[in-house]
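User: Please take a close look at one part of this model and describe how that part is built into the rest of the chain. A connected account is preferred to a list.

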Amino acid sequence: MSQYSDAPIVIYGGNGFVGTRICELAATRGISCISVSRRGVAPAHLDTSKNPWLANVCWLQGDALSPDISLLQEAGAIINLVGSPPLPTFSQSAFDHQLMMNGTSQINVIDAAKQAGVNRLVLMGADIPALLQTESFAYAVGKNQTLTAAKAFAASSDLRQVAVLQPSAIYGTRHTAGGTSMPLAWLMSPLSSLQRRLPQSVQGKLPGAFVDVKKVAAAALEWATTAQGFDTSASGFVQVSNQQLQQQSLTIS
């Protein structure tokens, strides 16, 4: 691997669905990483005796809405996965919460990265159909605010680089906070395969094909640790499309 920095990667939401996969991938490749989450512990469903990589991850309590600048000053890159599902909101408080989770939580980490001197960011965006790109859909508003802030971060210095991953729905085995498994892949994987076989004219009218969590995790780690990809971006800002994520190799070179 052509590693971008020997300093650790800080992963907000590192004990979640995608974050756990990234931490496992990083730890098994000898890449130092720090998981930051509100609970500050490893996922409950993982047994240390069967998953020795857990001991190679630093599990810290923290909040993307109020990042610890002193922690980030030690980071070589930041991956921020914090967000909330794209559900409709039926009250102002629900709208504000959705906006906070999908916009403010990303923007605050971007601002903290500036203060801490971290130049490489990987952020979780989304592949949102044009029909849902409205001001009344807080999820889309928040994701678009993230894109604007990410572009400004990259434009503020030649050294700064941001990759925004834009997956559609992500499948794999999710787990509740208590450890109960929800095997989404058995349904979503065949549906994704079927959708990719549809004519492009039909695919263009549908949400993007579902993507494997392992591919999203591999892409996040690759953009956080290698220069490949940014070399072709004059601005230091890259949007990684759902189609690119579908084609992501699970081997990082």
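Analyst: The account below starts with the whole chain, then turns to one strand and its surroundings.

This is a predicted model, in which local features need pLDDT of at least 70, side-chain atom pairs count only at pLDDT 80 or more, and totals for chains, interfaces and linings use all residues. Residues are numbered from 1 along each chain as its sequence is written, and side-chain values use heavy atoms, with hydrogens and water left out.

The chain holds eight helices and eleven strands; helices (H or I, at least four residues) and strands (E, at least two) are DSSP runs numbered from the N terminus. Of its 253 residues, 48% count as buried, where buried means under 20% relative accessible area, exposed over 50% and partly exposed in between, with a 1.4 Å probe and protein chains only. Contact is taken as heavy atoms within 4.5 Å. Among contacts between residues at least 6 apart in sequence, 73% join residues at least 24 apart.

The part chosen is strand β5, residues 120-124. Five of its five residues are buried, so β5 is largely enclosed by the rest of the structure. Arg120, Val122 and Met124 are buried on one side, and Leu121 and Leu123 are buried on the other, which leaves both faces covered.

β5 pairs with β4 and with β6; for such a pairing DSSP must find at least two bridges between the strands. β4 and β5 run parallel and are joined by three bridges, with Leu121 as the bridge partner of Ile78. β5 and β6 (residues 161-165) also run parallel, joined by five bridges, and here Arg120 has Gln161 as its bridge partner.

The connections on both sides of β5 run over helices. β4, α3 and β5 make a right-handed β-α-β unit; right-handed means that, with the strands pointing away from the viewer, the path from the first strand over the helix to the second runs clockwise. From β5 the chain crosses through α4 (residues 138-155) to β6, again as a right-handed β-α-β crossover.

α4 has 18 residues and reaches 26 Å from first C-alpha to last, close to the 26 Å expected at 1.5 Å a residue; the expected span is 1.5 Å times one less than the number of residues. Its buried residues include Tyr139, Val141, Leu147 and Phe153, and what covers the buried residues of α4 includes α3, β5, β6 and β11 (237-240).

Tyr139 of α4 also takes part in the surroundings of Ser84. Ser84 lies in the loop between β4 (77-80) and α3 (92-116) and counts as buried because its relative accessibility is 15%. Beyond its neighbours within four places in sequence, Ser84 is in contact with Gln98, Met101, Asn102 and Tyr139. Its side chain makes polar contacts with the side chains of Gln98 at 2.3 Å and Asn102 at 2.9 Å. A polar contact is a pair of N or O atoms within 3.5 Å; within protein, one must be able to donate a hydrogen and the other to accept it, and residues adjacent in sequence count only if both atoms are side-chain atoms.

Tyr139 is itself buried, because its relative accessibility is 11%. Phe137 is buried at 13% relative accessible area.
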